[in-house]
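I opened my notebook today to get to know a new structure. Come along and read over my shoulder.

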Amino acid sequence: MEVSVAGEPFTQTASTGYDRAQELKAFDDTEAGVKGLVDAGIVNIPRIFIRPSDELVEELNCQQNSFQVPLIDLDEIKGSNREEIVYQIRTASETWGFFQVVNHGIPLKVLEDMIQGVRDFNEQDVEMKKQWYSRDQMKRVRFNSNFDLYQSRTANWRDTLNLSCSVSHNFDPEELPAACRETTLEYIKHVRSLGDTLFEIISEALGLKSEHLQDMECGGASTFVCHYYPPCPEPELTMGTSSHSDPAFLTILLQDQIGGLQVLHQNQWVDVNPISGGLVVNIGDFLQVISNEKLKSVDHRVIASGVGPRVSVACFFAGSDDVPPRLYGPIKELISEENPPLYQNFLVPEYFAKYAAEGLNSKSCLEQLKL
Ligand code: OGA
Ligand code: NI
């Protein structure tokens, strides 16, 4: 079967003439991403994107289910509803690691403009876009396709603009691509403020004082990962984003109305259906560690689709960006003799380096921190 050897990294198969490493490089060298392939009118997806047959077979066994990701209304969060909201966020974070929020205070126009800005960036003249193409992790603004292109088993059907900033090192407007400059600056301001609110609520949910997680600078650095998923001519053979958990404390995700995001719940893939004006929030690996596993960082993925493009923007709150880096580990108020620490302390830059070296597809970074 044609797909049986696909996905094995760096294999050179004389009989089929498939040199994966060479094909990855050729794709990377176009600097036009997956959108470049679609614009060229391909009807069959290149082999580097085809999932191995064992994964494709597993997919056929996926069951339909009627689970619903928790939906939490943040209206009156500073007032009469606070206690109830803390309870709902605690329950959702312990059982799902995922929830959606509405009435979060970010105007619909800011969300829609952010999505449109990302679309405009990706759909501008390819030569303009190429100026941003890079795999240099030191660049605060970089565009590429598949950050783990050379590490992963299979490439994903998406392109990504990465914007990294922090409370102490904000963007100069000129650092950002003109196509999405104003919209991004506006969005960042609002998402940071929502992040502060959520860190307060989560602190309370953990039985800590409201400022605890902010005092730990959990929301210090933030990376805005802006994804563009072009329509795929053979969606059943590939993925938009492979299954993974997020290397961050918390993620706030904005998605357009196309759909495709799924979260793993009780061993079933559950659709995170788009809600107009809603945002998806999920617990990341670092909150799982510092909460000593009270809160769960759960695997999720994006399936590929013939419909699109799909746009999403994930804001990862990734902790302090102090130099030397701050050490994070299970919060001492949450550990006791009956509740011994389950993880060792870690440094965020080291965790990122490991994650980048391994690529998506695994929870191994988190596993390696286990005591
Ligand atoms: C991510 C992610 C989901 C999406 O960037 O980590 O899970 O909907 N994105 O694009
Ligand atoms: Ni994710």
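Entry one, a stretch of chain. I began with residues 219-320, where the end C-alpha atoms lie 7 Å apart. I noted that this span is 6% helix and 46% strand. I should say early that I am looking at a predicted model.

Entry two, the record. I looked up what UniProt says about residues 219-320, and its unreviewed entry places the feature "domain: Fe2OG dioxygenase" there.

Entry three, the metal. Which residues coordinate the nickel ion (ligand 2)? I found H244 and H300, each through NE2, and D246 through OD, at 2.1 Å. Along the sequence I read the spacing of these donor residues as H-x1-D-x53-H.

Entry four, burial. Are H244 and D246 buried or exposed? H244 has a relative accessible area of 9%, so I count it as buried, the cut-off being under 20%. D246 is buried because its relative accessible area is 2%.

Entry five, a pocket. I turned next to the second largest pocket, which holds about 490 Å³ of space. Its lining is made by 23 residues, and R51, E58, S243, W269 and R301 are the ones nearest its centre. I saw that α3 (53-60), β8 (239-244) and β11 (268-271) each give two or more residues to that lining. Which element gives the largest share of the lining? My note says β8, with four residues.

Entry six, the character of the lining. I sorted the residues around the second largest pocket by class and got 11 polar, eight charged and four nonpolar.

Note on methods
Residues are numbered from 1 along each chain as its sequence is written. Chains are lettered from A and ligands numbered from 1 in the order in which they are written. This is a predicted model: local features need pLDDT of at least 70, side-chain atom pairs count only at pLDDT 80 or more; totals for chains, interfaces and linings use all residues. Side-chain values use heavy atoms; hydrogens and water are left out. On a 1 Å grid over the protein atoms alone, a cavity is a set of points where a 1.4 Å probe fits but cannot get out, and a pocket is an open set with protein on both sides within 12 Å along at least five of seven lines; lining residues have an atom within 4 Å of a point. Grid points are joined across faces, edges and corners, and a volume is the space filled by probe spheres set on the points. Ala, Val, Leu, Ile, Met, Phe, Trp, Tyr, Cys and Pro count as nonpolar, Asp, Glu, Lys and Arg as charged, and the others, Gly among them, as polar. Donors are N, O and S atoms within 2.8 Å of the metal (3.2 Å for Na, K and Ca); water is not among the atoms, so sites may look incomplete. Buried means under 20% relative accessible area, exposed over 50%, partly exposed in between (1.4 Å probe, protein chains only). UniProt positions are given in the numbering used here, feature names are shortened, and annotations may be inferred rather than shown by experiment.
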